[in-house]
Amino acid sequence: MSKPNYSGTFHMVSQENMDAYLAALDINFALRKIVCLLKPSKEITHDLATEQMKIRTLTTFKNFDMDFKLGQVFTEDLGPVDGRVCQTTVDWDGDKLLCVQRGEKEGRGWTHWLEANKLHLEMRVGDVVAKQVFKKAD
């Protein structure tokens with residue numbers, strides 16, 4: 001079965017449990033409140049032939065870029081998020097993208113998947129799960 005191409009621009013339409021997720025990452029109260037008000041967009045470039053991906057998360061507050069090759073461990077600087085550095089791997093889990101971030105926080109990572117014109121994101125740290133849904137731009 002061929003893998004889906006995640007390329008495109010997506011705008012957030014909903015989120016759940018973000019405050020609890022950020023609290024589990026030890027983000028201070030004021031910053032959590034700001035982040036929970038943001039409506040991020042994602043710009044994804046996905047080269048199926050090389051398995052190279054770039055995910056840009058864009059907000060009016062801060063932007064965050066991830067540039068990686070699927071299946072390869074890389075050092076991820078999460079300074080813009082929570083000041084930590086992780087050893088990160090993103091790889092396929094069926095037709096979903098599964099990210100494992102090894103560092104100070106146990107059970108940290110995320111999963112992306114596509115359903116029609118929607119991009120789903122489930123973020124995890126420990127036993128806390130937050131969800132965001134993005135709609136593909138026309």
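**Entry: a charge and a ring**

I started with Lys96, whose charged end sits over the ring of Trp113, 4.6 Å from the ring centre. I note here that the model is predicted.

**Entry: the chain as a whole**

Next I looked up the elements. I find two helices and ten strands in the protein chain. From the N terminus on, they run β-α-α-β-β-β-β-β-β-β-β-β. The radius of gyration is 14 Å, close to the 14 Å of the globule rule for 138 residues, so the chain is as compact as a globular protein of that length. I read the span of the C-alpha trace along its principal axes as about 45 × 35 × 25 Å. Of the 138 residues, 40% count as buried. I also looked at contacts with a separation of 6 or more: residues 24 or more positions apart account for 40% of them.

**Entry: the sheet**

I then traced the strand order. The sheet is open, has ten strands and reads E4-E3-E2-E1-E10-E9-E8-E7-E6-E5, with antiparallel pairing. Which strands stand at the edges? They are E4 (64-69) and E5 (74-78); each has a single partner strand, so one side of each is left without a neighbour in the sheet. On average, neighbouring strands of this sheet are turned by 25° against each other, direction ignored.

I checked two of the pairings. Strand E9 (residues 118-125) and strand E10 (residues 128-136) run antiparallel and are joined by eight bridges. Within this pairing, Arg124 has Val129 in E10 as its bridge partner. E5 and E6 also run antiparallel, with five bridges between them. There, Leu78 has Arg84 in E6 as its bridge partner.

**Entry: faces of E5**

I went along edge strand E5 side chain by side chain. In a regular strand the side chains alternate between the two faces of the sheet. E5 shows this alternation: Phe74, Glu76 and Leu78 point to one face and are buried. Thr75 and Asp77 point to the other face and are not buried. I marked Glu76 as a charged residue to revisit on the buried face.

**Entry: aromatic pairs**

How many aromatic pairs does a search of the whole structure find? I get two. A pair of aromatic rings is described by the distance of the centres and the angle of the planes.

Tyr6 and Trp92 form a tilted pair, 6.1 Å centre to centre, with 50° between the planes. Tyr6 lies in the segment before strand E1 (8-16) and Trp92 in strand E6 (residues 84-93), so the pair ties together parts that are 86 residues apart in sequence. Tyr6 has a relative accessible area of 0% and is buried. Trp92 has 16%, and the cut-off for buried is under 20%, so Trp92 is buried as well.

Phe68 and Phe74 form a stacked pair, 5.6 Å centre to centre, with 5° between the planes. Phe68 and Phe74 are buried.

**Entry: positive phi**

Last, I looked at backbone angles in two loops. Asp26 has a phi near 65°, a positive value in a residue other than glycine. I place Asp26 in the loop between helix H1 (18-24) and helix H2 (29-37). Is Asp26 buried or exposed? Its relative accessible area is 52%, and the cut-off for exposed is over 50%, so Asp26 is exposed.

Ala116 has a phi near 55°, again positive in a residue other than glycine. Ala116 is in the loop between strand E8 (108-115) and E9. At 86% relative accessibility, I count Ala116 as exposed.

How values were computed: Residues are numbered from 1 along each chain as its sequence is written. This is a predicted model: local features need pLDDT of at least 70, side-chain atom pairs count only at pLDDT 80 or more; totals for chains, interfaces and linings use all residues. Side-chain values use heavy atoms; hydrogens and water are left out. Two strands pair if DSSP finds at least two bridges between them. Helices (H or I, at least four residues) and strands (E, at least two) are DSSP runs, numbered from the N terminus. Axes are lines fitted to C-alpha atoms, for helices over the stretch in contact, and angles run from 0 to 180 degrees between N-to-C directions. Rings of Phe, Tyr and Trp (its six-membered ring) pair if their centres lie within 6.5 Å; planes under 30 degrees apart count as stacked, over 60 as edge-to-face and the rest as tilted. Buried means under 20% relative accessible area, exposed over 50%, partly exposed in between (1.4 Å probe, protein chains only). A charge sits over a ring if NZ of Lys or CZ of Arg is within 6 Å of the ring centre and within 35 degrees of the ring normal. The radius of gyration is taken over C-alpha atoms; the globule rule is 2.2 Å times the number of residues to the power 0.38. Contact means heavy atoms within 4.5 Å.
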